[in-house]
Structures are given as C-alpha cells and as structure tokens.
Amino acid sequence: MNTVTVKPTQPAMRDIVTLQSHILQQQALHPDASGTFTWILSALSISAKMIAAQVRRARLEDVLGNAGEQNVQGEQQQKLDVIANEILLRTLGAREGVAIVASEENEEPVILREQNDGETRYCVLFDPLDGSSNLDICGSVGTIFSILRKDRRSTKAEDSLLQPGTRQVAAGYVLYGSSTVMLLTLGHGVDMFVLDPSIGAFVRVAEGLKIPVKNKCYSLNEGNRLTLPEGYQKYLHWAQSNGYSSRYVGAMVGDVHRIMLQGGVFMYPPTQKAPKGKLRLMYEANPMAFLVEQAGGKALAGPDQRILDVQPEGIHQRTCVVLGSSEEVDHVMAQVAG
Ligand code: AHG
Ligand code: MN
Ligand code: MN
C-alpha cells in the first residue's frame, strides 16, 4: 500500500489555539478552579462576536444614530451603545459566576446574584462601545472590560466594585476594526486573538505581547492643547522639536491597540471641559492600564501616580491617563513634573 506524507505548506506552522481552548489551557493550570471564570470569559467572547456582527451591519440595518437618550455621563447614547450594552448584560446575566455588572451606560450597577453561598463570584465592568462617535464614519470602535472578584464578606455592591485596578483578575478589549481583535490579560502577560469570521472563533495569534519600549509618536486630542496644564503643553513643544509623529483615532481602543503593537504614548490629560480628565477609571483606564503594564509598559494618572493604585470613590469617576511605552511615558512625566 502506498503511503502519502503530508508536508506542512508553511515553513513554521503554529498550533491553532482558539480563545476557548486558550481559556481551558489556563484553567488547567489551576486544578482547584471551578470553571466559573471560564464561563464568564466565554460570555465576553460571545458578546464580542454579537457586537462585531452588529457593527459590520451598520447602514444595512437601522443601528446608527442617536438612541434619543443621554447616559449617566451626560453623553448622547448611540443606538449601538444601547445594543452593545444589552448584549453584554444578557450574555453575562446568564452566567452563574457573575454577581454584579457595571456599565458606563448604566447609572447604577446591576446586581444579578445577591446570595453569598461561599462560591467565588465576580463583578464585570465594561464600556460596551468605546469610541461610538466613530460609528457614523466607519471608523474603529471597541469594547473594554475588567473583572474583579466579588467581596464575599459584603453584600454592598460598592465594596466589591470600588477596588483599585491592582485587584483586577482579568481585563481586555475588543477592537472592531478592519478585523476584530481581542487582547486579554489574566494577570500573566497579554495574548492576542483575531476573530476568524469563516469559523466564528477567536484564534490566538500572539502570546506574551510586549510594547516596544520607545517610539517617537504621541496620541492625544490636540484640539485641547491650549487648555491643557502647562506641563503637557511643554511636552508637546518638546516632542514636536524632537521629530515626533502624531496619531489619533479618537477611540481609546484604537489608539491603545496601535501603541500595544507599535509603541508610543497615549494621553488624555485634564482639560478645561474635563478638569479631572475625560476617561473613566473603572471602564477605560484600569483595564487598559492592566493590559499595558502586563505588556511591559507604563500607565500613570500623574507624576508617580500609577493608575492601578488609584483608590476609586465612585464607579463613574474620571481620571487623567498617560500610558504606553515606558520611555515615552517617562518623557511626558519629565515635562509635567519639571
Ligand atoms: P466613549 O465612546 O465610550 O464615550 O469613549 C470615548 C472616549 C475614548 O474612546 C476616546 O479616547 C475619547 O473619548 C475621545 O475623546 P475626544 O473626542 O474628546 O478626543
Ligand atoms: Mn469609551
Ligand atoms: Mn462607550
């Protein structure tokens, strides 16, 4: 009988690992794990696929434009903000392990399970659709999420939610760009997955992602320049005198993703319009800071103030954000502190 030898078509073929098998691999490293956490991540993965499908059908279906309401931040809600929020609430709501969800779009957190039966439960916080003003122009938008362990001793939602970012057990984002990409950290580095639409699964494309330590590129809304604190204006002058480029998508997920891959610094300092900064600590700054630090970068809220160490006082609180390549963050802070 003739035997046929199948040769790899590419010189270095990698194993194909889906997000689902990646999570199961991680779970196997913790023999005492109950699988609760795995179910939560799978709910986030399903949500991401559902939101991606909606985003990709914009203008084919009536999903663009204002929903006619303002959210708790006083911002106009887009229809897709509301749709994405509902998708996340419904998929996470079905998971036994989720005790509380808190969304940028809801004034109050939603308490899903009150009982304290000794099981470990989690709080999931999210920005369902980041950069929603990009929707109309077919620009990048994203979803950002952060997972905290519920405080077993307390039934008060704020005791479980108002934990500093260092206590996050997982965080990530999904970028709905020219492809749909997820970056995820479980506190041991950052892994990257791309949604393969032909099979409907996220496939792992990189493990242990590292941000380049420097890249002469800054990212901020330069229209705010004249109302920035003096140190940030000095930084811009310094950067422009030293051959820096500027890139700004206007959706934090898009800007941070570029920096995760190519390096540089992203910032949203205090402005006249937003004196405490515009970005939200719990839904945007903390999960991004966790990812950035896990990829070897820095994430600060001011000179010597690590974002992850900020003790939150309210779930919708705002913060100044400076994050990215460690050397580039240092250059900003040298001007701000100096
Ligand atoms: P969201 O769409 O969730 O409200 O977030 C928008 C945020 C963030 O994604 C982005 O970095 C920033 O707002 C852009 O703000 P400006 O338009 O003021 O530059
Ligand atoms: Mn946002
Ligand atoms: Mn949003």
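Trainee: What does Trp 238 count as, at 23% relative accessibility?

Mentor: Good place to start! This is a predicted model, where local features need pLDDT of at least 70, side-chain atom pairs count only at pLDDT 80 or more, and totals for chains, interfaces and linings use all residues; side-chain values use heavy atoms, leaving out hydrogens and water. Residues are numbered from 1 along each chain as its sequence is written, while chains are lettered from A and ligands numbered from 1 in the order in which they are written. Buried means under 20% relative accessible area and exposed over 50%, with a 1.4 Å probe and protein chains only, so at 23% Trp 238 counts as partly exposed.

Trainee: And Tyr 244: buried or exposed, and with what relative accessible area?

Mentor: Apply that scale again. Tyr 244 counts as buried because its relative accessible area is 11%.

Trainee: What is the angle between the ring planes of Trp 238 and Tyr 244?

Mentor: Rings of Phe, Tyr and Trp (its six-membered ring) pair if their centres lie within 6.5 Å; planes under 30 degrees apart count as stacked, over 60 as edge-to-face and the rest as tilted. The centres of Trp 238 and Tyr 244 are 5.3 Å apart. The pair is tilted because the planes stand at 55°.

Trainee: Which residues form one aromatic cluster?

Mentor: The two rings we just discussed, Trp 238 and Tyr 244, belong to it. The full membership of this one cluster is Tyr 218, Tyr 235, Trp 238 and Tyr 244.

Trainee: How far apart in sequence are the parts tied together by Phe 37 and Tyr 122?

Mentor: The whole structure holds four aromatic pairs, and Phe 37 with Tyr 122 is a tilted one, 5.2 Å centre to centre with 50° between the planes. At 9% relative accessibility, Tyr 122 is buried. Helices (H or I, at least four residues) and strands (E, at least two) are DSSP runs, numbered from the N terminus. Phe 37 is in helix α2 and Tyr 122 in strand β5, so the separation in sequence is 85 residues.

Trainee: Which residues are the protein donors of the manganese ion (ligand 3)?

Mentor: Donors are N, O and S atoms within 2.8 Å of the metal (3.2 Å for Na, K and Ca), and water is not among the atoms, so sites may look incomplete. The protein donors here lie 2.3 to 2.4 Å from the ion, and their spacing in sequence reads E-x22-D-x1-L. They are Glu 104 (OE), Asp 127 (OD) and Leu 129 (O).

Trainee: Where in the fold do Glu 104 and Asp 127 lie?

Mentor: Both residues are buried. The pair ties together parts 23 residues apart in sequence, because Glu 104 lies in the loop between β3 (98-103) and β4 (110-111) and Asp 127 in strand β5.

Trainee: Which residue bridges the manganese ion (ligand 3) and the manganese ion (ligand 2)?

Mentor: These two ions lie 3.8 Å apart. The residue bridging them is Asp 127.

Trainee: Why is helix α6 largely enclosed by the rest of the structure?

Mentor: Helix α6 covers residues 252-262. Among its buried residues are Asp 255, His 257 and Arg 258. The helix is largely enclosed because the buried ones number nine of the eleven residues.

Trainee: Which residue follows α6?

Mentor: Look just past the end of the helix for a positive phi, near 85°. That residue is Gly 263.
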